[in-house]
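Me: Could you walk me through some of the helices in this model? I'd like to see how you reach each value.

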Amino acid sequence: MGVLHFIVNEILSQPQLLVGIMALIGLLALRKSVNDVVTGTLKVIVGFLILTGGAGIISGALSPLGNMVQSGLHLHGVIPTNEAIVALAQKSFGAETAIIMGLGFVVNLILARITPAKFIFLTGHHLFFMATVLAVVLGSAGIHGASETVLGGIVLGTVATVMPAFVHPFMKRVTGGAEFALGHFNSLGYITSAAIGKAVGKNSRTTEEIKVSPKVGFLRDSLVMTTLTMIIIYILLAVIAGAKSITEYTQGSNYIMYSLTQALTFGGGIAIVLMGVRMILSELVPAFQGIALKIVPNALPALDCPTTFTFAPTAVLVGFISSLVGGIVGMFLMGPLGLALIIPGMVPHFFDGGTAGVFGNATGGRRGAMIGSFVNGLLITVLPALLLAFLGSLGLANTTFGDSDFCWIGIVTGGIAKTGYAGTFVLTILFCAVLVAFASFVTVRSKRGARGTVDQSVGA
């Protein structure tokens, strides 16, 4: 158990080390020189640390914004925050979470090796969060001991393989066929946004071609436009909510100036994230060819959602705002639906909504980005409310999981677990087998479609 805890807590749950190890293995498999191995491995690790640092800056800058929304609108309810609910769950389910995560990663590698869905999920903290979801819902339903960890590991490894496969046909549209996949457990939201974009976005121009007058040409810079928009949002909410809403953050400074500083800090975090993404992709994708060639043939790394931001930076901002609006609308639907009040969490709406905007824009331009992200906002409001019923005593906490895949996987697994030990084993295996079969079908069909496009281009 000590060794397993070390592997899970000190390696698998540290995304920069996990991805660095993968890069090291890939470079060694390619028989690169010592110089290339050391340089490539360290640049991937440092790139991920830059990415994580930027995400941390963004999350920190968004925290007071959430307080402003609650105080300004006088709301009290459940705020979806993955880190908070995971921290609470570790008190009762820490050991089970660790074992499920370790087993799940092994299952992911095995499925990537033997099935057409050759995706290796490298977003370590999301593996950890999903392992926690599974430990909680299985344990709360009365499934304990080895059964809990084995079933949890199978489900985790399966979803870590299939969700990147399901979203990958759209991911190729986003990236132009880049050699990496998306490993982030809000895939249902991204697929939904892309599908909606395809349905409503005919003749809609991309968000990246928004016309800007020469007099305000600085708005053509996506980073500048994002920062200015956040300045407006921060100061407007600060004025509405008043100084008391963020007293715990300001430490005696003027609340308007503090809000301005946080908006600027948010812009700095975005710049850092984009720099980290570029660094990771320039080093990891070539290194991963070694794993694809030697260990898991044709495998693709499934990476965190900010890796999509560089492909449509303006769509990220459009997606964040649209998703937040969807979350606010969904919040007011909770009462009529008889569900707990879910207050929009700024962090999930920015990262999930921003990425949903990128996917909606890829298939349906501006309309796709706005409408697809709006629906994503509804999803990450309604689904967390439904999940609360399967979290046992943790369902009484003032927080829950925020991303769509955590919720729907938790609901399905929790429902299956209520059938008893025998029923849970049978239905879980059947559920996972169906997911793997469907993911394999999607992957094979996507590859055939890509070959057909290439053949047509050659023929032309």
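Me: At roughly what angle do the axes of helix α4 (residues 82-114) and α6 cross?
Reply: Happy to help! This is a predicted model, where local features need pLDDT of at least 70, side-chain atom pairs count only at pLDDT 80 or more, and totals for chains, interfaces and linings use all residues. Residues are numbered from 1 along each chain as its sequence is written, and side-chain values use heavy atoms, leaving out hydrogens and water. The axes, lines fitted to C-alpha atoms over the stretch in contact with angles from 0 to 180 degrees between N-to-C directions, come within 7 Å and cross at roughly 45°.

Me: Which word describes how α4 lies relative to α6?
Reply: Angles under 35 degrees count as roughly parallel, over 145 as roughly antiparallel, 65 to 115 as roughly perpendicular and the rest as oblique. The crossing angle is roughly 45°, so α4 is oblique to α6.

Me: How many nonpolar residues does the contact of α4 with α6 have?
Reply: Contact means heavy atoms within 4.5 Å. Residues of α4 including Phe-93, Ile-100 and Leu-111 meet residues of α6 including Val-150, Ile-154 and Ala-160. Nonpolar covers Ala, Val, Leu, Ile, Met, Phe, Trp, Tyr, Cys and Pro. By class, the contact has 2 charged, 8 polar and 11 nonpolar residues.

Me: How far apart are the end C-alpha atoms of helix α11 (residues 313-337)?
Reply: Helices are DSSP runs (H or I, at least four residues), numbered from the N terminus. The expected span is 1.5 Å times one less than the number of residues. For the 25 residues of α11 that gives 36 Å, which agrees with the end-to-end distance of 35 Å.

Note on methods:
Helix = DSSP H or I, 4+ residues; strand = E, 2+ residues; numbered from the N terminus.
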